[in-house]
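Take a look at the charged pairs in this protein, then at the empty space inside it. The walk below goes through both in turn.

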Amino acid sequence: MAESSRTDSGAAAGPLGVDRIRPKRWLALYVAYLACLVALTALLPARFRIPGIGVIYLSLATTFIPLNTSIGVMFMASGEAMPGMVESVTRWFGATESLPVLLERLFGATREPYPLYLTALLASLATVTANLADYHALAWLMRLGRVRRLARTRFYERIAAWFNQAPFLIVLMINAFAIPFAADRLLAVPRGYSRPRYALAVFLGRYPRYYLTALAADLLKLNWWQIILVCGGIALAGIVIGRVRRAFSKKPPAPSTVDASEEAAVCSSEPGR
C-alpha cells in the first residue's frame, strides 16, 4: 500500500507541459482588462454602450461563471433587446417619470442594429479572452495534487493521445459546435498547448457560430424575454438529452450466479432434504 501511494504521488508530481506556464501574471492582466473594459464602456458614446456591455458579459462567461454566451450575442445583435429589458425592469419598480431620459443617456436616442460581422467579431474576441482566463485558472489548479492526478489517469491519457493528433482542429470544432464542459481547455491545459494557437482556434470556431446566432436574432426580431426564453430552452433541452442518453447507455446489472457447490451446500442444510 505504501509503495503504491509513493508511485501515485510520484506520478502526480511528474512534469507536465502546463508546468512551464505562469498563470498568476496572466490572470492579473485579465482582471486589469476587465476593469479597463468597464471604464471604457462607461465613457463610450451612448450608441456604443450595447456592444460594450455585451463584451463585458462575454468576457466574464467562463467555466467558473457559467453565463450563456448565446444570450450575450443576441443582446449585442439587437438594438432594442437591452433597452427593452431596462425599460421593463424600471417600469416594474414604478420609476417611469424619468424613463425616457434614462434610456437616452444609457443607450442613445436612436438604436439601430449593429453590423452582424462587428457583433460576431467583438463577441468572438471577448470569448477568446474568457477562455484564456479559464486556461490559466486551470493551469493554476493543475498545481494541486488531486487535480494534477487526473492528467495521469489512463482514461485521460487515451483522450490526450487522440487530442495530440490534431489539437488545433479539435479545439476549433469544439468551439464551433458548442460542446459543453470546457472540453477544449481540459484537453489543452495539461499538455501546455500553445496559447496563441489555442486562441486562434477558439476565434475561428466561435466567429461563424456567433455570426449565425446574431443573424437569427436579427431576422426573428426577438425581444429581451424571447431571447432569454429561447436560449434557456435550448440549454435545458441539451441537459435533458444528455441525461436521457446517459440513462439509456447504462448497462443493466449482470445477473448474479451462484456457484453450484454453494447451492448444493445450502440445499443439504435445509430440512427435509
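Which side chains meet in a salt bridge at 3.0 Å, N to O? They belong to aspartate 184 and arginine 185. The model is a predicted one, and that pair is a good place to enter it.

Start with the general idea. Side chains of opposite charge can pair when their charged atoms come close. In this structure, 3 salt bridges turn up.

Stay with arginine 185. Arginine 185 also forms a salt bridge with aspartate 134. Here the closest N and O atoms are 2.6 Å apart. This pair links distant parts of the chain. Arginine 185 sits in helix α11, residues 183–188. Aspartate 134 belongs to helix α7. The two residues are 51 residues apart.

Put the two pairs together. Asp134, Asp184 and Arg185 are linked in a network of salt bridges.

Is arginine 185 buried or exposed? Arginine 185 has a relative accessible area of 7%, so it counts as buried, the cut-off being under 20%. Aspartate 134 is buried because its relative accessible area is 1%. Aspartate 184 also has a value of 1%, and it is therefore buried too.

Now move on to another salt bridge. Aspartate 218 pairs with lysine 221. Their closest N and O atoms lie 3.6 Å apart. How accessible are the partners? Aspartate 218 is partly exposed, with a relative accessible area of 23%. Lysine 221 has a relative accessibility of 59%, so it counts as exposed, the cut-off being over 50%.

Leave the charges and turn to the empty space. Rolling a probe the size of a water molecule over the atoms shows where empty space is left. How many cavities of 30 Å³ or more does a search of the whole structure find? The search finds 1. The largest cavity has a volume of about 30 Å³.

What lines the largest cavity? The lining consists of Pro51, Met76, Tyr114, Leu118, Thr119 and Leu122. By class, 5 of the lining residues are nonpolar and 1 is polar. No charged residue takes part in the lining.

Which helix gives the most to this lining? Helix α7, residues 116–141, does so with 3 residues. Helix α7 has come up before: aspartate 134, a partner of arginine 185, lies in it. Follow helix α7 in the model, and both topics come into view. Helix α7 supplies residues to the cavity lining, and aspartate 134 in helix α7 pairs with arginine 185 in helix α11.

Definitions and conventions. Residues are numbered from 1 along each chain as its sequence is written. This is a predicted model: local features need pLDDT of at least 70, side-chain atom pairs count only at pLDDT 80 or more; totals for chains, interfaces and linings use all residues. Side-chain values use heavy atoms; hydrogens and water are left out. On a 1 Å grid over the protein atoms alone, a cavity is a set of points where a 1.4 Å probe fits but cannot get out, and a pocket is an open set with protein on both sides within 12 Å along at least five of seven lines; lining residues have an atom within 4 Å of a point. Grid points are joined across faces, edges and corners, and a volume is the space filled by probe spheres set on the points. Helices (H or I, at least four residues) and strands (E, at least two) are DSSP runs, numbered from the N terminus. Ala, Val, Leu, Ile, Met, Phe, Trp, Tyr, Cys and Pro count as nonpolar, Asp, Glu, Lys and Arg as charged, and the others, Gly among them, as polar. A salt bridge is a side-chain nitrogen of Lys or Arg within 4 Å of a carboxyl oxygen of Asp or Glu. Buried means under 20% relative accessible area, exposed over 50%, partly exposed in between (1.4 Å probe, protein chains only).
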